[in-house]
Amino acid sequence: MEGVDHLASERSRAQFDVEEMKVVWAGSRHALEVSDRISRLVASDPAFRKDNRTSLSRKELFKNTLRKTAHAWKRITELRLSEEEASRLRFYVDEPAFTDLHWGMFIPAIKGQGTEEQLQKWLPLAYKMQIIGCYAQTELGHGSNVQGLETTATFDPQTDEFIIHSPTLTSSKWWPGGLGKVSTHAVIYARLIIDGKDYGVNGFIVQLRSMDDHLPLPGITVGDIGMKFGSGAYNTMDNGVLRFDHVRIPRDQMLMRVSQVTREGKFVQSNVPRQLVYGTMVYVRQTIVADASCALSRAVCIATRYSAVRRQFGSQNGGVETQVIDYKTQQSRLFPLLASAYAFRFVGEWLKWLYTDVTQRLQANDFSTLPEAHACTAGLKSLTTSATADGIEECRKLCGGHGYLCSSGLPELFAVYVPACTYEGDNIVLLLQVARFLMKTVSQLGSGKKPVGTTAYMGRVDQLMQCHCAVQRAEDWLKPSVILEAFEARSARMSVACAQNLTNFANPEEGFLELSADLTEAAVAHCQLIVVSKFIEKLKQDIPGKGVKEQLEILCNIYALFLLHKHLGDFLKTGCISPKQASLANDQLRSLYSQARPNAIALVDAFDYTDHFLGSVLGRYDGNVYPKLYEEAWKDPLNDSVVPDGYQEYIRPMLKQQLRNARL
Ligand SMILES: CCCCCCCC/C=C\CCCCCCCCCCC/C=C/C(=O)SCCNC(=O)CCNC(=O)[C@H](O)C(C)(C)COP(=O)(O)OP(=O)(O)OC[C@H]1O[C@@H](n2cnc3c(N)ncnc32)[C@H](O)[C@@H]1OP(=O)(O)O
Ligand SMILES: Cc1cc2nc3c(=O)[nH]c(=O)nc-3n(C[C@H](O)[C@H](O)[C@H](O)COP(=O)(O)OP(=O)(O)OC[C@H]3O[C@@H](n4cnc5c(N)ncnc54)[C@H](O)[C@@H]3O)c2cc1C
């Protein structure tokens, strides 16, 4: 029935103020106003229609994306949208495009690694989109191992130029988004060679295409790398391949904030750490954490609404069947994901603060917090994207068969999201970076150097190695101090165990390789502690609105106790809790699910997603699922004709043949 809210009775059961929860989710009243206004602007503009994506060919899909980005840019300039509004518009348009790399990596790379003069020259052009850029780091042969890149930038003192060259097939740039068909420029990463000496990987601005006719410049071969996972999905993006044949660029197109090459060909290292060449990745990893909460909340919103609509079994005497959301198994799969979406939101907010803080310090030549910023962005990027990709797939299963239909929105969401586990650093490679940081922290404990920031708890290692969990009743698991101590003890004990095992190897690098699987588990434990502790910190803030804080407390406890249940092996093996305490945690978790149940629909309404953005028949706000699913099926191009194309050629002859055989 059109216009009827099938989820109204669910909404009436909510025990908190949904409008105030929307403010908490958005981050502020102002952010909610902007987000709400822009989401409606996008949803009401037919140019941003997206329900036909999965049936378009690659060429149509790509052209459609070009049309949408041009329209988006027109609206941004016509309406004079602020950076915040423009970025919300990009979010609600919900389509990966070359503009992501232009705004998200090309501009930040120049900003972070360029000198003042370089910023003044390139940024105005890029901001007005008079040039379009991408971030070309990865090559066919090397992605994770940035130090292994092969593209060369050889200084020619005669002409004051660099010669950019791809010496091997494996040195071809491979993957950069926006490179294949659109970008006119790129920040490319290449080995700096002066007078035969290799000075390692640096960034260079290179023009790729003519500004007159868009043709590649001499010496440049560029194209798209081909179809990717899923229909629609990330295929709106022109991930590209690029080869250089001795392409010359002026010397001042090397990004020279970190290192410089003088007119005489002298290499000069600034007083900033070399690692700043990797700065753009730190920036993007931080944005990816915030984005994880968006992708996960979207899947959870669909699965929660559908779970309240869907009924199976349990009918007594012809009465209504049970809503599947009332099954404890459904709750134990769904509610931890709901809690994770909120947890990732808050850790994302905190990470943004950390990133801003480290950037300000870098500007003042204080590099002390850079290793922590790298470890946190790498680790949390890894943790949140892995959990989100798995969570989206779990939401698909939570929707049963209908979740497999493209009209559920979940297959495309998964296909677009899952490369986040790989891009901006493979998740395992990034966890190993965290592990390195943790091992360094543990090794310095005896030196009197006090760990700070997210590793401050390691400073209490003696106490954490011996403490006994105080839980005696299930309710004790609701105390933040109890949860924190259990997570800190588990993380400290796992790191210390790894550090002790490493001492059994004569060569520490060999030991690190041999123990790398254990090390990634220690890194996960540390990152989970960060997420739990930031959720707990969030709850210490003043949070207005009837029942809002109480609901967040329930979600925080679900998140922590769900992790404890999932990683019980770690907690028991390290002796942080006893089997009896584990079973009390489980009892508490079941009780928390019951408390979350009446609020589930309102908790996903608080994400404030429009039906346009959700793009899901199952997740519709009004819960009117069945008529819409039925309607949607008839829109499939296969249903354009009752008898399919191909009947005459393939089906009819087969049927006739069977008939002839039967007569013989
Ligand atoms: C609709 C139209 C709208 C119109 C427009 C509207 C406006 C829109 C506005 C906004 C839109 C914005 C949208 C943004 C969206 C962004 C989209 C993102 C899409 C993502 C696409 C993907 C891109 C990529 O993938 S780029 C390539 C990424 N590559 C990697 O991540 C490679 C991974 N490898 C590495 O990072 C490193 O090599 C390493 C970490 C593995 C290190 O390797 P290793 O060799 O061991 O170490 P080494 O290099 O020797 O380093 C030694 C020490 O340095 C430390 N270190 C390493 N990395 C860092 C770092 N990043 N920072 C600081 N320190 C670092 C390392 O720990 C070592 O330290 P130690 O103390 O010596 O141990
Ligand atoms: C959709 C998408 C968009 C992208 N966009 C861009 C872009 O715009 N610009 C750009 O420059 N790049 C881009 N990339 C490339 C991306 O950054 C790399 O693919 C990524 O960094 C992983 O590197 P790799 O492909 O070399 O993986 P590999 O390193 O080859 O990984 C293969 C396997 O080896 C394992 N492995 C590797 N090293 C280690 C180790 N030291 N220890 C243990 N295991 C290890 C990994 O865990 C993985 O299982 C994009 C990639 C994708 C998928």
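# Reading a predicted model: sheets, helices and ligand shells

An open sheet of three strands runs in the order 4-8-7, with antiparallel pairing.

User: Which strands stand at the edges of that sheet?

Analyst: This is a predicted model, and what follows is read from its coordinates. The general idea is that strands of a sheet pair through backbone hydrogen bonds, either parallel or antiparallel. Here strand 4 and strand 7 (220-224) are at the edges; each has a single partner strand, so one side of each is left without a neighbour in the sheet.

User: How many bridges join strand 7 to strand 8, and which residue stands opposite G223?

Analyst: Five bridges join strand 7 to strand 8 (residues 240-244), and the two run antiparallel. G223 faces V241 of strand 8.

User: What about strand 3: which strands do bridges join it to?

Analyst: Strand 2 is joined to strand 3 by five bridges, in antiparallel fashion. Four bridges join strand 3 to strand 9 (residues 247-250), also antiparallel. For the register, take one pair from each: A153 has I164 of strand 3 as its bridge partner, and F162 stands opposite I249 in strand 9.

User: Which residues of strand 3 are on the covered face, and which on the uncovered one?

Analyst: In strand 3 (residues 161-165), F162 and I164 form the covered face, while E161, I163 and H165 form the uncovered one. Both register examples above involve a residue of the covered face, I164 in one pair and F162 in the other.

User: Where in the hairpin of strand 2 and strand 3 is there a positive phi?

Analyst: At D160, where phi is near 60 degrees; the hairpin has four residues between the strands.

User: Turning to helices, what span should helix 19 have, and what are its end C-alpha atoms apart?

Analyst: The check rests on a rise of 1.5 Å a residue. Helix 19 (residues 579-596) has 18 residues and should therefore span 26 Å; its end C-alpha atoms are 26 Å apart, which agrees. Helix 6, with 16 residues, reaches 21 Å from first to last C-alpha, close to the expected 22 Å.

User: Which residues of these helices are buried?

Analyst: The criterion is 20 or more other C-beta atoms within 10 Å of a residue's own. In helix 19, Q581, L584, A585, Q588, L589, L592, Y593 and A596 are buried. Their cover includes helix 9 (328-363), helix 17 (548-566) and helix 20 (600-605). In helix 6 the buried residues include F98, L101, G104, M105, F106 and I110.

User: Which residues does UniProt list for the C-terminal domain, and what is the helix content there?

Analyst: An unreviewed UniProt entry lists residues 480-656 as "domain: Acyl-CoA oxidase C-terminal". Over that range the chain is 72% helix and 0% strand, with end C-alpha atoms 73 Å apart.

User: Where does UniProt place the feature "binding site"?

Analyst: The unreviewed entry puts it at T138 and G177. These span 40 residues in sequence, yet no two of their C-alpha atoms are more than 10.6 Å apart, so they gather at one spot.

User: In which loops do they lie, and is each buried or partly exposed?

Analyst: T138 is in the loop between strand 1 and strand 2 (152-156). T138 counts as partly exposed because it has 18 C-beta neighbours inside 10 Å. G177 is in the loop between strand 4 (173-174) and strand 5 (185-194), and it is buried, with 25 other C-beta atoms within 10 Å.

User: Which residues do they touch, leaving aside those within four places in sequence?

Analyst: T138 touches G143, K173, W174, W175 and P176. G177 is in contact with F98, D100, L101, C134, M237 and N239.

User: How many residues surround ligand 2, and which are the closest?

Analyst: There are 22, the closest being Q137, T138, G143, S144 and W175. Strand 1 (133-136) and helix 12 (427-443) are the elements that give two or more residues; helix 12 has the largest share, three. By class the shell divides into eleven nonpolar, ten polar and one charged.

User: And how many residues surround ligand 1?

Analyst: The number is 35, and the closest are G104, Q275, Y278, H374 and G425. Elements that each supply at least two residues include helix 6 (98-113), helix 8 (279-309) and helix 10 (370-398). The classes are 16 nonpolar, 15 polar and four charged. G104, among the closest to ligand 1, is also one of the buried residues of helix 6.

How values were computed. Residues are numbered from 1 along each chain as its sequence is written. Chains are lettered from A and ligands numbered from 1 in the order in which they are written. This is a predicted model: local features need pLDDT of at least 70, side-chain atom pairs count only at pLDDT 80 or more; totals for chains, interfaces and linings use all residues. A residue is near a molecule or strand if its C-beta atom, placed from the backbone, lies within 6 Å of it. Ala, Val, Leu, Ile, Met, Phe, Trp, Tyr, Cys and Pro count as nonpolar, Asp, Glu, Lys and Arg as charged, and the others, Gly among them, as polar. The expected span of a helix is 1.5 Å times one less than its number of residues. A residue is buried if 20 or more other C-beta atoms lie within 10 Å of its own, exposed if 12 or fewer, and partly exposed in between; C-beta atoms are placed from the backbone. Two residues are in contact if their C-beta atoms, placed from the backbone, lie within 7 Å. UniProt positions are given in the numbering used here, feature names are shortened, and annotations may be inferred rather than shown by experiment. Two strands pair if DSSP finds at least two bridges between them.
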